Every structure is written in C-alpha cells, then in structure tokens.
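Please open the model in your viewer and keep the residue selection tool at hand, since the tour moves from one selection to the next.

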Amino acid sequence: MRKIYPDAEAALDGLLRDDMTICAGGFGLCGIPERLIDAIQKSGVKGLTVASNNAGIDNEGLGKLLRTRQIRKMISSYVGENKEFERQFLSRELEVEFCPQGTLAERCRAGGAGIPGFYTKTGVGTQVAEGKEVKSFDGQDYILERGIFADLAIVKGWKADESGNLVFRKTARNFNQPMATAGKICVAEVEEIVPVGSLDPDCIHLPGIYVKRLILGAPYDKKIEFRTVREREAA
C-alpha cells in the first residue's frame, strides 16, 4: 500500500466531507498537524466536529478553522488561549463539549481500542456529569463516558519510516498517539521520513498499522504561544 503522499492536499484527497468528525493531535501549538490543518482550511469543508485538547490560538492551528467558521462543534478540555474560541462559545455560535483532559485522552484511547464506553470518577457531582449515566462501584459513584470514534485522525510526528511507524518528540507526543488510533483513517505529517529498519523498534510510539497516509511536512517554523523573558538588568 502506498503510504507516502507528496503533500497534505493529496494525502487528504477523498477523505474530507461536510459534517464529519476529526480527531486532531497536539496541545496548544505543540505537536499540531499544521500542514493538514491548512489543507482542511483550503478544502472549504464545514460543519466539522473536532476532538482536540484545545483549538490552538487565534489564527494558528485549529484557530484557523474557527476563523473561517468551518468548525461546528469542539470536544475539548481547554479554551483559555483562544479569544475567538471564547467569543464563539459565549455567543453560542460554536457548540462546545467540555471534557476533563485525562478523560478526553482516555475517550480517544478507548475509541481506538474499540471500547464504546467506560466509567470514571472524574466529574462526578459537577456539570461534567449532567445527562450521563451514574453507576456505583464499591460504594463510589462513577459516570459513564463514551469512547470517541472519528472519521479521520490528523497527527504530527517527529520521525517516520516508509511503512508509517511513528516517533513523537518529547512533549509533542501529547494527544497525538491516542488521537491517531481513534480515527477510521489516520493521516500523519512528520519532520523526517527514514528507510524501514532505521528506527529502533523499542522507540516507536505509534505502529505503522494505524497510519494510512503520510507526508513530509518539513520545514516548520517553531511558533511559541507566550514568550516570557527576564527584563535586562541595569548596568
């Protein structure tokens, strides 16, 4: 099976449609699939439901898709750094399903493992539990959370071999690994593609069986959400 595609547009060809659900890896601007997000924006698809820890920042990452009103619903755990996300949510232009961060990761992992739901104590007695089944185990209440099954997963890796085995770099692994498994189709972009056999099997974070399409996205510009520096001391 041919896995390596020349660019993001080619890799997403035939996969995008209105009203689909997408799992997007990354955390803020760390480990986000920039090239694939740009290609989704360019495609013009709309009515998207996107599961992602957050929506990046204004005009970066998934924030681009918010600006173009291509996202109908976000399943997220954090929205604090994106003013447009906040504005659309407060004005009821955007549907948001808030989900505790660990629960979101587990919902994606569960979806990838074919598990339709699981019980957790996180959120019991809060708004997170509203409308959800509550069950008692050993005298403790737990709420039922549903696994996330997406039409498409888009992720960003550091290195890949030609068969799609992926290595993520340090904290850029974040949500990428569980998100990748939760999609019917996973498309990955990476900084470097190496021959099969070049990667240490013990260092592979995502087996190539999950990755159906792959692109080389480099070079990348390192974007920083907040740059904080110490004031220069007086001489």
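A residue counts as buried under 20% relative accessible area, as exposed over 50%, and as partly exposed in between. The model shown here is predicted.

Begin by selecting C30, which has a relative accessibility of 21% and therefore counts as partly exposed. From its sulfur, draw a distance to the closest cysteine sulfur, which belongs to C108 and lies 17 Å away, too far for a bond. Next select C203, also a partly exposed residue, with a relative accessible area of 40%; the closest cysteine sulfur to its own is that of C30, at 19 Å, again too far for a bond. A disulfide would require two cysteine sulfur atoms within 2.5 Å, and the structure holds zero disulfides.

Now move to helix 5, residues 101–112, and place a distance between its end C-alpha atoms: they are 17 Å apart, which agrees with the 16 Å that its 12 residues should span at 1.5 Å a residue. Within helix 5, select the buried residues T103, L104, R107, C108, A110 and G111. Looking along the axis, you should find that they cover an arc of only 160°, which puts them on the same side of helix 5.

To see what covers these buried residues, add strand 1 (21–24), strand 3 (71–76), strand 4 (95–98), strand 5 (117–120), strand 7 (140–146) and helix 6 (176–182), which are included in that cover. Finish at G114, which follows helix 5 and has a positive phi, near 75°.

How values were computed
Residues numbered from 1 in each chain as written. Predicted model: local features only at pLDDT ≥ 70, side-chain atom pairs only at ≥ 80, totals over all residues. Heavy atoms only, no water. Buried < 20%, exposed > 50% of the residue type's maximum accessible area, 1.4 Å probe, protein only. Helix = DSSP H or I, 4+ residues; strand = E, 2+ residues; numbered from the N terminus. Expected span 1.5 Å × (residues − 1). Arc of directions from axis to C-beta. Contact = heavy atoms within 4.5 Å.
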